[in-house]
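Open the model in your viewer and keep the selection tool at hand. This tour goes stop by stop.

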Amino acid sequence: MESPFKADALKGKVALLTGGGSGIGFEISTQFGNHGASIAIMGRRKNVLDDAVSSLRSLGIPAVGFEGDVRKKEDAQRVVEATVKHFGKLDILVNGAAGNFLVSAEDLSPNGFKTVMDIDSVGTFTMCHEALPYLKKGGPGRTSSSGGFILNISATLHYTASWYQIHVSAAKAAVDATTRNLALEWGTDYDIRVNGIAPGPIGDTPGMSKLVPEEINNNVREDMPLYKLGTRWDIAMAAVYLASDAGKYVNGSILPVDGGLWLSKPRH
Ligand code: HXC
């Protein structure tokens, strides 16, 4: 689907995306690139990174991939520095890396809970922390008048409660809290805007195929008047809006992009 935004909406920006090589993250990479940004992707799997980078380059988008795990501070630091070395600066950080699996609270080991917290919550904070020196106004490659932009991808699971997702719900709640607190501190001190997107069920993503088996999917559809699948494009367009000047007064917001699904209750 064609973008409603101008092709130069993100012209000259440099974006680093964790989890930017697949699923929703890759669509954000592509659309940021289509709107003028240069793209660095961080991920754990070299083959996924390589495929993503060649796809972006085939569209004429300047792109580079760096292997790394957001759970490792030294990886975060290395990848942020490599991005700045490669493109000269950093304007946008998107935290999209996430771990997930369905399991009842009873069967989930504390280490399983911790693993998802480490990837989603601590990983998001670690990336933000390592990127801060480059995103602040007056940082390397920046003017003294404007700071960069951070986008954290969370979910709507924790707005209510979700079966077999206690670890992810807790982790995404922490991501949203991180978004708001950084927006307050770094918006005030460094002119960095920090926002979030909370996607609903998005078709054709690793999350959907892993977390919503078809039989659950069909039952949910019957119960939820507003149930419909979103597309990766829907999330990417929200991301372009928030990252562009159109979103310049938006800070500390977490935008649910779920067709209103989390509001739904069974009809009867
Ligand atoms: C129960 C599990 C488990 C499972 C792992 N664990 N998988 N427990 N059921 N299916 C437990 C392990 O037993 C272990 O605890 C601990 O978690 C760590 O497991 P490892 O295998 O060592 O972890 P690791 O290799 O680091 O793998 C991380 C992962 C993995 C999260 C487990 O699944 C992963 O990285 N997946 C890829 C990312 C992904 O799925 N992305 C889609 C995100 S979609 P013990 O106690 O045994 O040591 C998304 C959408 C959210 O985020 C919103 C939904 C609407």
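A nonpolar core here is a set of buried Ala, Val, Leu, Ile, Met, Phe, Trp, Tyr and Cys residues joined through C-beta atoms within 7 Å. Keep in mind that you are looking at a predicted model.

**Stop 1: the core.** Select A15, I39, L90, L93, A131, A239 and A243. These residues have the most contacts inside the largest nonpolar core, which has 66 residues. Now add residues 110-135, helix α4. Helix α4 gives the most to this core: eight residues. In soluble globular proteins, nonpolar side chains tend to be buried together.

**Stop 2: L90.** Which residues is L90 in contact with, leaving aside its neighbours within four places in sequence? Select V14, L16, V80, T83, V84, A131, Y134, L135 and G148; L90 is in contact with each of them. A131 thus appears on this list and among the core residues with the most contacts.

**Stop 3: the sheet.** Switch to a cartoon view. Seven strands form an open sheet, and their pairing is parallel. Read across in this order: β3-β2-β1-β4-β5-β6-β7. Look at the edges, β3 (63-67) and β7 (254-257). Each has a single partner strand, so one side of each is left without a neighbour in the sheet. On average, neighbouring strands are turned by 20° against each other, direction ignored.

**Stop 4: β2 and its helix.** Select residues 38-43 for strand β2. Five bridges join β2 to β3, and the two run parallel. Find I41: it stands opposite G65 in β3. Next select residues 46-58, helix α2. Helix α2 packs on the sheet and touches β2 and β3. Its direction makes about 175° with that of β3.

**Stop 5: helix α5.** Move to residues 166-190. Helix α5 lies across β5 (149-153), β6 (193-199) and β7. It runs at about 160° to β6. Pick A170, which lies in helix α5. Is A170 buried or exposed? It is partly exposed, because 17 other C-beta atoms lie within 10 Å, and a buried residue would need 20 or more. Then draw a distance from A170 to G25. The two are 145 residues apart in sequence and 21 Å apart in space, C-alpha to C-alpha.

**Stop 6: confidence.** Colour by pLDDT. The protein chain averages 94, and 97% of the residues score at least 70. Where is confidence lowest in the protein chain? Select helix α7 (residues 214-223): its mean is 69. Confidence is highest in β5, at 99. The model scores ipTM 0.94 and pTM 0.96.

Note on methods. Residues are numbered from 1 along each chain as its sequence is written. This is a predicted model: local features need pLDDT of at least 70, side-chain atom pairs count only at pLDDT 80 or more; totals for chains, interfaces and linings use all residues. A residue is buried if 20 or more other C-beta atoms lie within 10 Å of its own, exposed if 12 or fewer, and partly exposed in between; C-beta atoms are placed from the backbone. Helices (H or I, at least four residues) and strands (E, at least two) are DSSP runs, numbered from the N terminus. Two residues are in contact if their C-beta atoms, placed from the backbone, lie within 7 Å. Two strands pair if DSSP finds at least two bridges between them. Axes are lines fitted to C-alpha atoms, for helices over the stretch in contact, and angles run from 0 to 180 degrees between N-to-C directions. pLDDT is the predictor's confidence in each residue, from 0 to 100.
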